[in-house]
Amino acid sequence: MHTMDVILIIQSMAVGFMTGLIWLTQRVLYPAFRYVSADEDGFHKFHTGSIGPVVGPVMIIELVTAIMLCKVHPWIGWVISALTILLALSTAFIQVPIHNRLATSWNHADIDRLVCTNWIRTILWTAKALLLSYWLWISLSQPS
């Protein structure tokens, strides 16, 4: 097995985990925010405090393996890195500010905005998963 294969497998596992989690978040968790009343502020605090330790290490693995892919297969690495950067930008500049507003003022407009804008991350992670699945299949189906 080549170095690129191992990196692709690790990257694919991390992206697969995040893709499943983002779809669960998009279709279940964020829409469920609509059913939490404003006086139950512990719910959002629990969510934002608990999600980081779950996704943080996996996102670091995604970033490190994307950088490693740039060295062993630049074209794949740069595509995956670009998608990773877009995900980070969306999170930092769109979803986190909405969560920050919800932490101080629980309102349905921001919940709707969170559900709507989270499609950006859902689509990007799904695209990464599909691309990586294809590249992994190609890589592993080639004779050594």
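**Cores and salt bridges in a predicted model**

In this predicted model, arginine 113 is partly exposed, with a relative accessibility of 40%. Its side chain meets that of aspartate 110 in a salt bridge, at 2.4 Å from N to O. Both residues sit in helix H4, and because they are 3 residues apart there, about one helical turn separates them.

Aspartate 110 has a second partner: its side chain also forms a salt bridge with arginine 101, at 3.0 Å from N to O. Arg101, Asp110 and Arg113 are thus linked in a network of salt bridges. Aspartate 110 is buried, at 4% relative accessibility, whereas arginine 101 is partly exposed at 37%.

The whole structure holds 4 salt bridges. Another one of them joins the side chains of arginine 34 and aspartate 112, at 2.9 Å from N to O. This pair connects distant parts of the chain, since arginine 34 lies in the loop between H1 and H2 and aspartate 112 lies in helix H4, 78 residues away. Arginine 34 is partly exposed at 34% relative accessible area, and aspartate 112 is partly exposed at 36% relative accessibility.

Next come the nonpolar residues. The largest nonpolar core contains 22 residues, and Leu8, Leu69, Ile76, Ile80 and Trp125 have the most contacts inside it. Helices H1 (3-32), H2 (41-72), H3 (74-104) and H4 (108-141) each give two or more residues to this core. H1 supplies the largest share, 8 residues.

Leaving aside residues up to four places away in sequence, tryptophan 125 touches Val15, Met18, Thr19, Ile22, Met59, Glu62 and Leu87. Apart from the largest core there is another, of 9 residues, including Ile98, Leu102, Trp106 and Ile111.

Methods. Residues are numbered from 1 along each chain as its sequence is written. This is a predicted model: local features need pLDDT of at least 70, side-chain atom pairs count only at pLDDT 80 or more; totals for chains, interfaces and linings use all residues. Side-chain values use heavy atoms; hydrogens and water are left out. A nonpolar core is a set of buried Ala, Val, Leu, Ile, Met, Phe, Trp, Tyr and Cys residues joined through side-chain atoms within 4.5 Å. Buried means under 20% relative accessible area, exposed over 50%, partly exposed in between (1.4 Å probe, protein chains only). Helices (H or I, at least four residues) and strands (E, at least two) are DSSP runs, numbered from the N terminus. Contact means heavy atoms within 4.5 Å.
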